[in-house]
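Here is a short briefing on one protein model. Read it with the structure open beside you.

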Amino acid sequence: MKTLEQTVPTPSDLPVYLKLAMVTMIWGGTFVAGRILSDALAPLLAASLRFLLASLALLLFLGLAGIPLAKPSLKQGLQLAALGFFGIFFYNLCFFYGLQYINASRASLIVALNPAVIGLASWWLFNERLSRAKVAGIVLCIGGAGLVIVSRDPSLLQRSGQGWLGDLLIFGCVLGWGIYSLFSKNLNESLGPLQTVTWSILLGTLMLWLACAAAGEVRVEALRGLDIGQWLSLLYLGVLGSALAYIAWYDGIRRIGATRSGVFIALNPLTAVLFGALLLDERLTGLMGAGAGLILTGIFLCNKALARSPQKTI
């Protein structure tokens, strides 16, 4: 019988946790890279270029590894198109347009709601049991992430100008990512994470370029004005933040489930703060340390609670 969540923790879970932690560290940097590009490229063009690079990286990997691109059935193709729409097209429109109105730190504060959205959706749509320990873990992750971000920049709680529009757009990222994470289970099992990610990114990239052409934003001259930092940001977003990270994320979902994987997103702001301290000489505070403790405790509680929860079959 298939289970919604793994019910007994095994030693093989540790590499999955480390992989998911690495993925969320990479994603912590995508907000900064996206903000750098938001001043240089139109949102649709930036998103289209990001996933063009991701598509090329994935196809190159498949070619070098001698792995043929799978031929999905009609049903699988429709499911992949839905993943491409919500996880690539819709998510990135919200991401790049949202970063035109609010800064990367405020955006990451909103994205920290992801574990709650995924957990509640799993309970509502798939009847996944929400134990007290699991709920406590999710709440601690969100609270810890919020404490880390707000202690770094208290002005984030103040809304100005059209900030509400940026908040709404970034929350669209949360919804799009929740759908991308929750509705991949069958495809992950039948096609595998690599094929699922490759096809969803290829289809989502096609949607982005069609929209970009329809909006008249395909402008080659815009690329000539990019400096080295902006090119590196684009490569970071496309290759690391998309192609490699998405494969690792889907593999984590396949192994331990969407809710257990989702709480690791709370590490995004924590890693951003740590990188700021290491690379930019930014100051660490006691509140940041307290937030980090809450995040790690929440991740532990959520995964321990799920590991002990009664088995559900589908």
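Start with a pair of charges: Arg-255 and Asp-251 meet through their side chains in a salt bridge, at 2.9 Å from N to O. Both residues lie in helix H11, four residues apart, or about one turn of the helix. Keep in mind that this is a predicted model. The points below begin with the charges and then move to the rings, the surface and the whole chain.

**Salt bridges**

- Side chains of opposite charge can pair when their charged atoms come close.
- How many salt bridges does a search of the whole structure find? The search finds three.
- Salt bridges that share partners join Lys-19, Asp-251, Arg-254 and Arg-255 into one network.
- Asp-251 also forms a salt bridge with Arg-254, and the closest N and O atoms there are 2.8 Å apart.
- Asp-251 and Arg-254 are three residues apart in helix H11, so about one helical turn separates them.
- Lys-19 forms a salt bridge with Asp-251 too, with 2.6 Å between the closest N and O atoms.
- That pair links distant parts of the chain: Lys-19 is in helix H1 (residues 13-38), Asp-251 is in helix H11, and their positions lie 232 residues apart.

**Buried or exposed in the network**

- Is Asp-251 buried or exposed? Asp-251 counts as buried because its relative accessibility is 9%, and buried means under 20%.
- Lys-19 has a relative accessibility of 30%, so Lys-19 counts as partly exposed.
- Arg-254 is partly exposed, with a relative accessible area of 40%.
- Arg-255 is partly exposed as well, with a relative accessible area of 42%.

**Aromatic rings**

- The structure holds 17 aromatic pairs.
- One of them joins Phe-51 and Tyr-246 edge-to-face, with 6.1 Å from centre to centre and 70 degrees between the planes.
- Why does this pair tie together parts that are far apart in sequence? Phe-51 lies in helix H2 (residues 43-65) and Tyr-246 lies in helix H11, so the pair ties together parts that are 195 residues apart in sequence.
- Phe-51 and Tyr-246 are both buried.
- Phe-51 and Tyr-246 also belong to one aromatic cluster. Its other members are Trp-27, Tyr-91, Phe-95, Phe-96, Trp-177, Tyr-180, Trp-249 and Tyr-250.
- Phe-95, from that cluster, has a charge over its ring: the charged end of Arg-50 sits there, 5.7 Å from the ring centre.

**A buried glycine**

- Gly-178 is found in helix H7, which covers residues 163-182.
- Gly-178 counts as buried because its relative accessibility is 4%.
- Which residues does Gly-178 contact, leaving aside its neighbours within four places in sequence? The contacts are Asn-114 and Ile-118.
- Gly-178 and Ala-121 are 57 residues apart in sequence, yet their C-alpha atoms are 8.0 Å apart in space.

**A nonpolar patch on the surface**

- Ile-228, Trp-231, Leu-232 and Leu-235 make a nonpolar surface patch of about 410 Å².
- Trp-231, one of the four, has its place in helix H11 (residues 228-256).
- Trp-231 counts as partly exposed because its relative accessibility is 36%.

**The whole chain**

- What does the protein chain hold in helices and strands? The chain has 14 helices and zero strands.
- Read from the N terminus on, every element in the run is therefore marked α.
- Buried residues make up 50% of the 314 residues in the chain.
- Take the contacts with a separation of 6 or more: 92% of these are between residues 24 or more positions apart.
- The accessible surface of the chain comes to about 14,400 Å². Carbon and sulfur atoms account for 69% of that surface.

Conventions: Residues numbered from 1 in each chain as written. Predicted model: local features only at pLDDT ≥ 70, side-chain atom pairs only at ≥ 80, totals over all residues. Heavy atoms only, no water. Patch = residues over 30% accessible without salt bridge, like charges linked within 9 Å, V, L, I, M, F, W, Y side chains within 5 Å. Areas by Shrake-Rupley, 256 points an atom, 1.4 Å probe, with all protein chains shown as cover. Salt bridge = Lys/Arg side-chain N within 4 Å of Asp/Glu carboxyl O. Helix = DSSP H or I, 4+ residues; strand = E, 2+ residues; numbered from the N terminus. Buried < 20%, exposed > 50% of the residue type's maximum accessible area, 1.4 Å probe, protein only. Phe/Tyr/Trp six-rings, centres within 6.5 Å; stacked < 30°, edge-to-face > 60°. Lys NZ or Arg CZ within 6 Å of the ring centre and 35° of its normal. Contact = heavy atoms within 4.5 Å.
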